[in-house]
Amino acid sequence: MGTNGNEEVTSLYSLSCRDRRFSKHIHDNVHGNIYLDPFFLQFVDTEQFQRLRELKQLGLTHMVYPGAVHSRFEHSLGVYWLAGEAVHTVQGHQGSEINIERNDIRTVKLAGLLHDVGHGPFSHLFEREFLPRVLNGSEWSHEDMSVKMIDYIVDAHHIEIDSAILNNVKEMVLASSANASQNTVNEKRFLYDIVANGQNGIDVDKFDYIVRDSRACGLGCNFQFQRLLETMRVMGDEICYRAKDYLTVHKLFATRADLHRTVYTHAKVKAIELMVVDALTLAHGELSISASIQEPAKFWKLDDSILRQIETSDKQELKKARDLVLRIRRRDLYQFCNEFAVPKDKQEHFKDITPQDIVCSQKNGDTPLNEEDISVSTVKINLTRGRSNPLESIKFFQDYESDYKFPMRDERISHLLPAFCQDMIVRVYSKKPELVGAVSKAFENYQLKTYGMKAQVHDTPEKKKRRV
């Protein structure tokens, strides 16, 4: 399709924006007015998509940040909208060059809308913490389930959709996952990097959740995605950014890392998550929580309400799980003892620390501990690419007159940017308040034995040790 085709796409889009008779108008607290035409409403107005209202975007974070009660429903609408904005931006500026057609726009927007329909309860806790425990190292992912759920929605609701569009939507959803398609996309590769970017991590999914999560938690956010969204350019079938926006790109990754440190992996949030994982594990035998993870027809019925189901049940088989949920309600939480950052030179071959390691570090005469008294959490915070710098995978251009794209390195921009891209933090919790002192002492012994020093920044407060 040449220039005339692109003019047709623009005309169709403008017409749809002007004619609201068949569109649903939603006012979003982040992006303002969002419009859904009948094609997308076919998916939104299904029980499977509406289920996302019952999945909090940040899982259990609202128990520390009370405002963080937003759901994956509004996040998905936001990603849908930004996906459309992104593809329309490059189509508007480079229409005759990159040949974006109407179906391309529809495909990218649908991928944005449906990218999270396969999520389990409590954000990523379900797949990263709970399932590996009850299914011996499960590698189940919400991206894979999203693909299955998309097929199920189409079949169950008899939605008419071109098979090529459907396949491309599913590949876009998987684009940043471990199971991304290995097939080489022959053309318009850049479209697959808009929703979930497996190449360098810049995508509209992050644009939405960084701003939305910051606002919900009452935190300031000085990253402005609009600057990148409005100035990005397709060069050689990949999305590139202006060289002058290098620090804005860096701010995207830095803001995300800051949210992980201060919100997503907050020490008390992790304490509650550890308790919920224990409660789900205790209830699993009775409720068979993982039984539906390969069956979309059953999986869509699983959401955050599983915790309430445990809490209100009278079954004796759920008593231990119920007692643990009641502890959370009454704020009788696992007690954070202390933490240390794994040294940079130890991260590559770091072996997870277990409760057994802590118990075995006790000395004669110490208050005896059991493995069941301790929880250990290892938190990784990075810029999306582990210990690698994602900015090294991004291409930049000088100005719109230039056709040359090039990578840029931090040291050529500023010496204030971090030289290392990952933190690894080990936290230890006591499941019983009266054992905080004993667990803290054993944890210190472990550090001395392993590193020859106390790696933690400060001692556990005496007040916390004396709590009974």
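Is Ile 161 buried or exposed? Select Ile 161 to begin: with a relative accessible area of 18%, Ile 161 is buried (buried means under 20% relative accessible area, exposed over 50% and partly exposed in between, with a 1.4 Å probe and protein chains only). The model is predicted, so local features need pLDDT of at least 70 and side-chain atom pairs count only at pLDDT 80 or more, while totals for chains, interfaces and linings use all residues. Residues are numbered from 1 along each chain as its sequence is written, and side-chain values use heavy atoms, with hydrogens and water left out.

**Around Ile 161**

Ile 161 belongs to the loop between helix 7 (142-156) and helix 8 (163-173); helices (H or I, at least four residues) and strands (E, at least two) are DSSP runs, numbered from the N terminus. Display next Phe 39, Phe 43, Leu 110, Val 154 and Leu 166, with which Ile 161 is in contact once its neighbours within four places in sequence are left aside (contact means heavy atoms within 4.5 Å). For a longer view, add Leu 259, which is 98 residues from Ile 161 along the chain, with 38 Å between the C-alpha atoms.

**Along helix 8 to Val 173**

Move to Val 173, which is in helix 8 and is buried at a relative accessible area of 4%. Not counting residues up to four places away in sequence, Val 173 touches Ala 111, His 115, Glu 143, Ser 146, Val 147, Ile 150 and Ala 196. The C-alpha atoms of Val 173 and Asp 193 are 9.9 Å apart, with their positions 20 residues apart in sequence.

**The cavity**

Asp 193 leads onward, as one of the residues that line the largest cavity. The others to select are Ala 86, Ile 194, Ile 202, Asp 203, Val 204, Phe 207, Leu 229, Met 232, Ile 239 and Tyr 241. Helix 9 (204-216) and strand 4 (238-242) are the elements that give two or more residues to this lining. The volume is about 60 Å³, and the structure holds 1 cavity of 30 Å³ or more. On a 1 Å grid over the protein atoms alone, a cavity is a set of points where a 1.4 Å probe fits but cannot get out, and lining residues have an atom within 4 Å of a point. Grid points are joined across faces, edges and corners, and a volume is the space filled by probe spheres set on the points. The lining divides into 9 nonpolar, no polar and 2 charged residues (Ala, Val, Leu, Ile, Met, Phe, Trp, Tyr, Cys and Pro count as nonpolar, Asp, Glu, Lys and Arg as charged, and the others, Gly among them, as polar).

**Ala 83 in helix 4**

Select Ala 83 in helix 4 (residues 72-98); at 0% relative accessibility, Ala 83 counts as buried. Its contacts, leaving aside neighbours within four places in sequence, are Val 108, Lys 109, Ile 194, Val 195 and Val 204.

**Two loop residues**

Ser 123 lies in the loop between helix 5 (102-114) and helix 6 (125-134), and its phi is positive, near 55 degrees. Asn 136, in the loop between helix 6 and helix 7, has a positive phi of about 50 degrees. Most residues other than glycine have a negative phi. Ser 123 counts as buried at 13% relative accessibility, whereas Asn 136 counts as exposed at 75%.

**Helix 12**

Finish with helix 12, where 15 of the 21 residues are buried, so the helix is largely enclosed by the rest of the structure. Helix 12 bends by about 25 degrees at Thr 281 (the bend at a residue is the angle between axes fitted to the seven residues ending there and the seven starting there). Ser 288, with a positive phi near 50 degrees, follows helix 12.

Key
On a 1 Å grid over the protein atoms alone, a cavity is a set of points where a 1.4 Å probe fits but cannot get out, and a pocket is an open set with protein on both sides within 12 Å along at least five of seven lines; lining residues have an atom within 4 Å of a point.
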